[in-house]
Amino acid sequence: MNNRLAKFKDLVPSTLPFVEGKLEGHKERKNYSIVGPGVAEDAGQSVKIAMPHSFNLGAVSAMPKNGSGLHSHTTAEVFLIYSGKWKFYWGASGKDQTILSAGDIISMPTNMFRGFENAGDKEGLMFVVLGGDDPGIITWVPSVLEKAKETGMALLDDNSLIDLSNEKIPDGKELLKPISSEQIKNFDDYRLDELSKFICKFENRKNFEQEISPGFFLVQVLGNRFNNQNFKPIINQSTGFNLSLLKAKNCNVENIKFNKPTILFSQTGDWQITINNTEIFLKPKDTFSVPINSNLSIKIDDQQDCFLNCVSQI
């Protein structure tokens, strides 16, 4: 089971994961690939659990006023705020924005430029779920690539990262050209009131809780399946995966079964997962990939409400 367990304290982050990684406002950031490679442009990015799940799980931490430049994805990108306050902004100019805090979730639409920044006063952490085994490449707004090049960082035409201050462009390769102003027009934009339907605020979760076992509550955020049962999600969006949040204190639930690739990762609390007499212990930020079709029990001894995140393939 050890190859299915990712202890956060053992993860190796990339400190230069993307092309804008040397710019002010972006360089005090770490990128983690927990399940799958994610979209990091750093060829040396460490991946903890490499087996395919049809989705990827990563994490990003940043110091205040640091984060990501405006970019777009071709697959789902869902942020789960673990700690701190984060500003999310979107559109080609980044003029619209919202602030999210610990426990909040935002599922970004595809084909839309988005960026984020730590809006708190200390280091913050977010988990990120990306759709597909191969979540594709990142498309940056032209200004990001132009400013990054001034620091020596650039992308080649195969989207690999190169540091021009100490590397030469390989034979047969060229620098990636920024997209044109006409191409930018093909990307979508949303008003805040339109994007709000893709946000799940922690303070509103209780309105959607369903008790699936005595003392054990489920909030279905994305997708409609958990433990082979149907539930109505808060966010009605096609991402290719289910996102279910479990809340409990001092209780146990048994006979949980997943027939498709599934991961569990702790938001708060020390959780015990038991499969065929094998015990797996998850502390906050730890992740476990559940063997398909195995029966498991989930236990929490904490005396206050704790939260366990579950992502499974649709």
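## Spaces, a helix and some cysteines

About 260 Å³ of space lies in the largest cavity of this structure. The model you are looking at is a predicted one, and every value here was computed from it. Let's start inside that cavity and work outwards.

### An enclosed space and an open one

How many cavities of 30 Å³ or more does a search of the whole structure find? The answer is one. Its lining is made by 26 residues, and those closest to the centre are Phe18, Asn31, Val39, Glu77 and Val128. Five strands each give two or more residues to this lining: S2 (29–35), S4 (55–62), S5 (67–72), S6 (77–83) and S11 (124–131). Of these, S2 gives the most, with six residues. If you sort the lining of the largest cavity by character, you find 16 nonpolar residues, eight polar ones and two charged ones.

How can anyone find empty space in a set of atoms? Rolling a probe the size of a water molecule over the atoms shows where such space is left.

Now for the largest pocket, whose volume is about 220 Å³. Here 15 residues form the lining, and His26, Gly69, Tyr89, Val144 and Lys147 are the closest to the centre. Strand S5, strand S10 (114–118) and helix H1 (142–150) each supply at least two of the lining residues. The lining of the largest pocket divides into six nonpolar, five polar and four charged residues.

### Helix H1 and its buried face

Helix H1 helps to line the largest pocket, and it also has a buried side worth a look. Which residues of H1 are buried? They are Pro142, Val144, Leu145 and Ala148. Seen down the axis of H1, these buried residues fall within an arc of 165 degrees, so they line one face of the helix. They pack against S5, strand S12 (139–140), strand S13 (153–155) and helix H2 (181–184). After H1 comes Gly152, which has a positive phi, near 100 degrees.

Ile138 sits in the loop between S11 and S12. This residue is buried, with a relative accessible area of 5%. Leaving out neighbours within four places in sequence, Ile138 is in contact with Phe18, Val39, Glu41, His71, Ser72, His73 and Asn159. Two of these contacts, Phe18 and Val39, are also among the residues closest to the centre of the largest cavity.

### Gly269 and its neighbours

Gly269 lies in the loop between strand S22 (262–268) and strand S23 (271–275), and it is buried at a relative accessible area of 10%. Setting aside residues up to four places away in sequence, Gly269 touches Leu282, Lys283, Pro284, Ile300, Asp302 and Cys306.

How far is Gly269 from two other residues, in sequence and in space? From C-alpha to C-alpha, Gly269 is 22 Å from Lys122, with their places 147 residues apart in sequence. Ile138 is 131 residues from Gly269 in sequence and 34 Å away in space, again C-alpha to C-alpha.

### Cysteines without partners

A disulfide is a covalent bond between the sulfur atoms of two cysteines. How many disulfides does a search of the whole structure find? It finds zero. Why is Cys306 not in one? The cysteine sulfur closest to that of Cys306 belongs to Cys251 and is 9.8 Å away, too far for a bond, because a disulfide needs the two sulfur atoms within 2.5 Å. Cys310 is in no disulfide either, as the nearest cysteine sulfur, in Cys200, is 15 Å away. Both cysteines count as buried: Cys306 has 2% relative accessibility, and Cys310 has a relative accessible area of 1%.

### Two asparagines with positive phi

Most residues other than glycine have a negative phi. Here are two residues whose phi is positive instead.

| Residue | Phi | Place | Relative accessible area |
|---|---|---|---|
| Asn227 | near 50 degrees | loop between S18 (225–226) and S19 (229–230) | 17% |
| Asn255 | near 60 degrees | strand S21 (251–257) | 57% |

Is each asparagine buried or exposed? Asn227 is buried, whereas Asn255 counts as exposed.

Methods. Residues numbered from 1 in each chain as written. Predicted model: local features only at pLDDT ≥ 70, side-chain atom pairs only at ≥ 80, totals over all residues. Heavy atoms only, no water. Buried < 20%, exposed > 50% of the residue type's maximum accessible area, 1.4 Å probe, protein only. 1 Å grid on protein atoms, 1.4 Å probe; cavity = no way out; pocket = protein on both sides within 12 Å on 5 of 7 lines; lining within 4 Å. Points joined across faces, edges and corners; volume = space filled by probe spheres on them. Helix = DSSP H or I, 4+ residues; strand = E, 2+ residues; numbered from the N terminus. Nonpolar A, V, L, I, M, F, W, Y, C, P; charged D, E, K, R; others polar. Arc of directions from axis to C-beta. Contact = heavy atoms within 4.5 Å.
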